[in-house]
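Q: I have a structure open in front of me and would like to learn how to read it. Could we start with the ligand?

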Amino acid sequence: MAAFEPPKLDIRGFSDSVVPSLAAIMERPAEHWPCEILSRRVTLRETPRRQVVFVTEPGLARRILTDRAGTFVRSRMQNRFFDFSFGKSLLDNRGGQWMEHRRSIARPIAPHRVARLLPAVASACRDRIASWEEYEGDAGLPLLREMRILAFDALWRALFAVEAKRTVSDPEIVAAGARLFAAHHKGFEHYIEELRDLTEWVMGRSRDGLPGLPEGDTAQPLDVNSTLIFLDAGHDNVTATIGWALWLLAHRPDLQERVRAEWNHADAARADPEKLPVTMACIRETLRLYPPAPQILRDVAEPVELDGTRVGRNAMIVIPVYALHRSELWWQEPDAYRPERFLGQEGDDPQAAAWIPFSKGERACFGAAFAQMELAMFIGLIADRYELAPNPADPMRCTARWVLRPEADAPILLRPRDTARAVRT
Ligand code: HEM
């Protein structure tokens, strides 16, 4: 049977006649990436202002991301974008204390701590599922709206709600998630405006830091801008990923069965990745095909040679994660949805250096363990309650404006399973 090939980004090619602005490359990547990046390791382009170097070789990408010698630094253009959207925050690395702040903020969601956030995440998911009766049958699930509400509620319950509220649905948070969805639909500026209002609301109800944590475990108190970043980074990428993950799974009833079988083990309810190889393979394959951060940017501070190409000071480095994940140089059938490749049954190495959806190095995502635990929990609980099928009336599309996202209104059909049993946590 031919493997299922889900939608791809339309890579238009870097035009030599109309050179795109650097801001355009940052905002609408696929429209400006050179077509060769899917088959070459390093691709150099000249713009009137700077050289732009596209790196799609895993070893080089890691070298750039984990560089500590100061050759590759955070992108100035990205810094400007962050300043404009979020303002200065504790995660701004232009001050000397950045690393210390980052460690402190990351502590509550360190990999060894995420298990205890599980009940809050599971209760958010169960409450969301309980509201889906109207979407069953042929109606179709408004996937992106529901996933945004779910991801926002889960983040709130796990990290911001005080203990007593963690397992209780808060209508104000559900309404806030729905408002964020509507604002996002209208445009980025509307979304940030809504998120800023929400941040103030959240802070007004919180103790210092991430208040959902026991006393003494509280991290560095968060200022408004850092809270804003946390609320955005902590739910937006998860929204995109769980949307893709469920839609992809809807095309593979056999995998849904394997996921359920895995969740029938009592231990699996702890969302321990070791006990959930199939669920984790589905998550990894989803993030391979659709990394929410489709590219990572850096600037070159010192002249350097990359795979035989001389790169001058001030060049902009683009690591197009999407293309690295889909390059035929590193993956078999790169455009096919085949989670089995991460089960060690096929040729590809599951630890492949070419898989970097959370980036690498000192700026890498510190929410990676929490995100994967959440995604596993959502998939387990939803597959336990429903059989998922694609909705032929609403095909899925793929867009990348900053973030790589699914786009459709109701792309999934929900068929309730009579035998559903609540996965216990
Ligand atoms: C599927 C889910 C997620 C993906 C794919 C993802 C991906 C990423 C990537 C690629 C970066 C680094 C960008 C760069 O190097 O320029 C990043 C940074 C970050 N992520 Fe995530 N992320 C996810 C979920 C989360 C969650 C759940 C949280 C928090 C609860 C979070 C918090 C952050 C923060 C605060 C940063 C900035 C770190 C810094 O600048 O030092 N992310 N994320």
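A: Happily! Keep in mind that this is a predicted model. A good first step is to look for polar atoms that face each other. Here, a side-chain N or O atom of asparagine 237 is 3.4 Å from a nitrogen atom of the ligand.

Q: Which polar side-chain atoms lie by an oxygen atom of the ligand, and at what distance?

A: Look at two arginines. Arginine 363 has a polar side-chain atom 2.4 Å from a ligand oxygen, and for arginine 298 the distance from such an atom to an oxygen of the ligand is 3.3 Å. If you step back to the elements, those giving two or more residues to the shell around the ligand are helix 5 (98–106), helix 10 (224–250), strand 5 (296–300) and helix 14 (368–385).

Q: Which element gives the most to that shell?

A: Helix 10 does, with 5 residues.

Q: How many residues surround the ligand, and of which classes are they?

A: The ligand is surrounded by 25 residues, and the closest are Arg102, Arg298, Arg363, Cys365 and Phe366. Sorted by class, the shell holds 15 nonpolar, 6 polar and 4 charged residues.

Q: How should I read a helix, for instance its buried side?

A: The general idea comes from the helix geometry. An α-helix has 3.6 residues a turn, so residues three or four places apart point the same way. Now try helix 4, which spans residues 76–86 and has Met77, Gln78, Asn79, Phe81, Ser85 and Phe86 as its buried residues.

Q: What do the buried residues of helix 4 pack against?

A: Their partners are helix 1 (22–27), strand 3 (72–74), helix 9 (188–204), helix 10, strand 5 and strand 8. Two of these, helix 10 and strand 5, also give two or more residues to the ligand shell.

Q: What should I look for at the two ends of helix 4?

A: At its start, check for a side chain reaching to the backbone: a side-chain oxygen of serine 75 comes within 3.3 Å of the backbone nitrogen of methionine 77. After the helix comes glycine 87, with a positive phi near 80°.

Q: Which residues other than glycine have a positive phi, and where are they?

A: Among them is asparagine 314, with a phi of about 85°, in the loop between strand 7 (309–311) and strand 8 (316–319). Another is serine 359, with phi near 65°, in the loop between helix 13 (321–325) and helix 14.

Q: Are asparagine 314 and serine 359 buried or partly exposed?

A: Asparagine 314 is partly exposed, at 28% relative accessible area, whereas serine 359 counts as buried, at 11%.

Definitions and conventions. Residues numbered from 1 in each chain as written. Predicted model: local features only at pLDDT ≥ 70, side-chain atom pairs only at ≥ 80, totals over all residues. Heavy atoms only, no water. Near = heavy atom within 4 Å. Polar contact = N/O pair within 3.5 Å; in protein donor to acceptor, adjacent residues only side chain to side chain. Helix = DSSP H or I, 4+ residues; strand = E, 2+ residues; numbered from the N terminus. Nonpolar A, V, L, I, M, F, W, Y, C, P; charged D, E, K, R; others polar. Buried < 20%, exposed > 50% of the residue type's maximum accessible area, 1.4 Å probe, protein only. Contact = heavy atoms within 4.5 Å.
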